[in-house]
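This report is meant to be read with the sequence and the coordinates side by side. It goes from the overall fold to one helix pair, then to one residue of that pair, and ends with a pocket.

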Amino acid sequence: MSVVGHVEWSARVCWLLRGMAVLGLVLPWGFYVYDFSQGGSLAMFWLKATANPVATAITLDVYLAALAFSVWVLAERRTRHPWRVVVVCFAVGLACALPWYLAGRLESQGREEGRFAVREPD
């Protein structure tokens, strides 16, 4: 693949990842907002998240993955302000923070190598 082809591929991947970050914000939080608008609370959230063995397993899986991801982000320090990514991970969600981080990392890596600047895909 040529450098030009790699640049176009990288830009498209960044836009795809940014779109996934937006979906990772909007989709889960749509359900959270609905639940809280129907009288839900933070205490009820945790009761529902651990209501049965399957829900508990999924909750633990996501939070352990978020913890591992956060350790990686802080140890790697490939993006500016890595703490922002960790805050977004636990305040918004892993589905938003992970693609956001990967897009930023891809952009940063491309700038360091002098071959990539994000632009809108054609």
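## Overall fold

In this predicted model, the protein chain contains 5 helices and 0 strands, and reading along the sequence gives the pattern α-α-α-α-α. Of the 122 residues in the protein chain, 30% are buried. When contacts between residues at least 6 apart in sequence are considered, 61% of them join residues that are at least 24 apart.

## The pairing of α3 and α4

Helix α3 spans residues 53–76 and helix α4 spans residues 82–91, and their axes come within 9 Å of each other while crossing at roughly 175 degrees. Because angles over 145 degrees count as roughly antiparallel, α3 is roughly antiparallel to α4.

On the α3 side, the contact is made by Tyr63, Ala66, Leu67, Phe69, Ser70, Val73 and Leu74, and these residues meet Pro82, Trp83, Val85, Val86, Cys89 and Phe90 of α4. Sorted by class, the contact of α3 with α4 comprises 12 nonpolar residues, 1 polar residue and no charged residues.

## Leucine 74 within the contact

Leucine 74 belongs to helix α3 and is one of the residues that α3 brings to its contact with α4. Leaving aside residues up to four places away in sequence, leucine 74 touches Pro82, Trp83 and Val86, and these three residues are among those listed for the α4 side of the contact.

The C-alpha atoms of leucine 74 and valine 85 are separated by 9.0 Å, the two residues being 11 residues apart along the chain. Is leucine 74 buried or exposed? With a relative accessibility of 21%, leucine 74 counts as partly exposed, since the buried class is reserved for values under 20%.

## The largest pocket

The largest pocket has a volume of about 470 Å³. Its lining consists of 21 residues, and those that lie nearest the centre of the pocket are Tyr32, Phe45, Tyr63, Val92 and Gly93. Tyr63 also appears among the residues of α3 that make the contact with α4.

Which helices supply the lining of the largest pocket? At least two residues each come from α1 (3–37), α2 (42–49), α3, α4 and α5 (94–113). By class, the lining of the largest pocket has 18 nonpolar and 3 polar residues, with no charged residues; the contact of α3 with α4 likewise has no charged residues.

Technical notes:
Residues are numbered from 1 along each chain as its sequence is written. This is a predicted model: local features need pLDDT of at least 70, side-chain atom pairs count only at pLDDT 80 or more; totals for chains, interfaces and linings use all residues. Side-chain values use heavy atoms; hydrogens and water are left out. Axes are lines fitted to C-alpha atoms, for helices over the stretch in contact, and angles run from 0 to 180 degrees between N-to-C directions. Helices (H or I, at least four residues) and strands (E, at least two) are DSSP runs, numbered from the N terminus. Angles under 35 degrees count as roughly parallel, over 145 as roughly antiparallel, 65 to 115 as roughly perpendicular and the rest as oblique. Contact means heavy atoms within 4.5 Å. Ala, Val, Leu, Ile, Met, Phe, Trp, Tyr, Cys and Pro count as nonpolar, Asp, Glu, Lys and Arg as charged, and the others, Gly among them, as polar. On a 1 Å grid over the protein atoms alone, a cavity is a set of points where a 1.4 Å probe fits but cannot get out, and a pocket is an open set with protein on both sides within 12 Å along at least five of seven lines; lining residues have an atom within 4 Å of a point. Grid points are joined across faces, edges and corners, and a volume is the space filled by probe spheres set on the points. Buried means under 20% relative accessible area, exposed over 50%, partly exposed in between (1.4 Å probe, protein chains only).
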